[in-house]
Amino acid sequence: MTALRVVALLIAACVAAIGAAHAQDATTLKKEMIGQWELSTTERSKTCVVTIKGDPVAQGFKLELEPACKTALPFTKDIVAWSIKGLGDIVRLQDAAGESVIDFTEVEAGIFEGLRQGEGVYILQDLAAARSMAKSMDQMIGDWAMVRGNGQPICGLTLTNTEADQDNFQVFLKPKCDAAIAQFNPTQWRLERGQIILMSKSGDVWQFEADDNAQWRRVPDTADPLIMLRQ
């Protein structure tokens with residue numbers, strides 16, 4: 001057997017293995033997608049329930065959208081089926097012609113993101129997990145204190161459930177805040193992937209993550225940490 005033939009056989013074997021892996025990935029993803037999902041804006045200000053099924057239909061597989069979807073997210077009126085695309089890693093919600101209405105890729109276990117040009121990012125998430133997140137967000141609403149790592153209070157703020165725009169909610173600082181906090185002057189907040197996100201009018205963003213002590217620390221961490229405590 002010539003060296004060239006050996007190389008050709010090796011390449012063919014690799015291509016076959018890659019094809020089998022892609023087919024396996026698509027099959028696995030299809031199985032994982034069967035069930036109820038929440039389709040929403042990034043911060044769930046607009047949501048609808050999508051029931052994904054495995055029954056074949058023209059161009060893909062069957063799905064059902066709750067009646068409220070068309071009002072909450074108007075683009076969903078064109079969605080009639082779903083399919084797996086790409087290398088078996090894209091979940092496509094598609095129209096009657098099989099064309100993409102929105103494509104999703106998995107960014108975390110059970111959480112998919114999709115972009116619609118001119119509109120923004122949408123989330124497709126396991127329904128039970130999404131509702132658990134909504135409960136968590138409700139628990140964020142109310143009065144908070146910002147303190148230094150030594151426990152010294154430097155500001156008070158209130159997170160509200162009043163919509164500031166499509167995906168964010170209003171936050172208000174209380175009087176007599178530390179100069180650095182007052183200068184940042186957050187006006188909006190949201191809960192995103194387990195983080196409290198504070199945003200200023202100028203577009204500056206501060207991120208806080210929950211630690212093991214049931215408090216929220218600004219990330220990335222510093223030698224003089226900034227901590228949010230529920231009041």
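In the predicted model, a salt bridge joins the side chains of Lys 53 and Glu 64, with a nitrogen-to-oxygen distance of 2.8 Å. Because Lys 53 belongs to strand β2 (residues 47–57) and Glu 64 to strand β3, this contact ties together parts that are eleven residues apart in sequence. Neither partner falls under the 20% limit for a buried residue: Lys 53, with a relative accessible area of 23%, is therefore partly exposed, and Glu 64, at 36% relative accessibility, likewise counts as partly exposed.

The search of the whole structure returned nine salt bridges. Among them is the contact between the side chains of Arg 116 and Glu 119, at 3.0 Å from N to O, in which Glu 119 is partly exposed, its relative accessible area being 37%. Another salt bridge brings together the side chains of Arg 190 and Glu 192, at 2.6 Å from N to O. Here Arg 190 counts as buried because its relative accessibility is 17%, whereas Glu 192 is partly exposed because its relative accessible area is 27%. In addition, Arg 148, Asp 178 and Asp 224 are joined into one network by salt bridges that share partners.

Aromatic contacts were examined next. Five aromatic pairs were counted. One of these is formed by Phe 61 and Trp 82, whose ring centres are 5.4 Å apart and whose planes meet at 45°, so the pair is classed as tilted. The pair links distant parts of the chain, since Phe 61 is located in strand β3 (residues 60–65) and Trp 82 in strand β4 (residues 81–85), 21 residues apart. Both residues are buried, although with differing values: the relative accessible area is 19% for Phe 61 and 0% for Trp 82. A further aromatic pair, that of Phe 184 and Trp 206, is stacked, with 3.9 Å from centre to centre and 10° between the planes. As Phe 184 lies in helix α4 (residues 179–184) and Trp 206 in strand β14 (residues 205–210), the pair ties together parts that are 22 residues apart in sequence. Phe 184 and Trp 206 are both buried.

Nonpolar side chains tend to be buried together in soluble globular proteins. In the present model, the largest nonpolar core comprises 24 residues, of which Met 33, Leu 39, Trp 82, Val 91 and Phe 104 touch the most other members. A second core, separate from this one, contains 22 residues, including Leu 157, Phe 169, Cys 177 and Trp 189. Trp 82 thus appears both in the largest core and in the tilted pair with Phe 61.

Definitions and conventions. Residues are numbered from 1 along each chain as its sequence is written. This is a predicted model: local features need pLDDT of at least 70, side-chain atom pairs count only at pLDDT 80 or more; totals for chains, interfaces and linings use all residues. Side-chain values use heavy atoms; hydrogens and water are left out. A nonpolar core is a set of buried Ala, Val, Leu, Ile, Met, Phe, Trp, Tyr and Cys residues joined through side-chain atoms within 4.5 Å. Buried means under 20% relative accessible area, exposed over 50%, partly exposed in between (1.4 Å probe, protein chains only). Rings of Phe, Tyr and Trp (its six-membered ring) pair if their centres lie within 6.5 Å; planes under 30 degrees apart count as stacked, over 60 as edge-to-face and the rest as tilted. Helices (H or I, at least four residues) and strands (E, at least two) are DSSP runs, numbered from the N terminus. A salt bridge is a side-chain nitrogen of Lys or Arg within 4 Å of a carboxyl oxygen of Asp or Glu.
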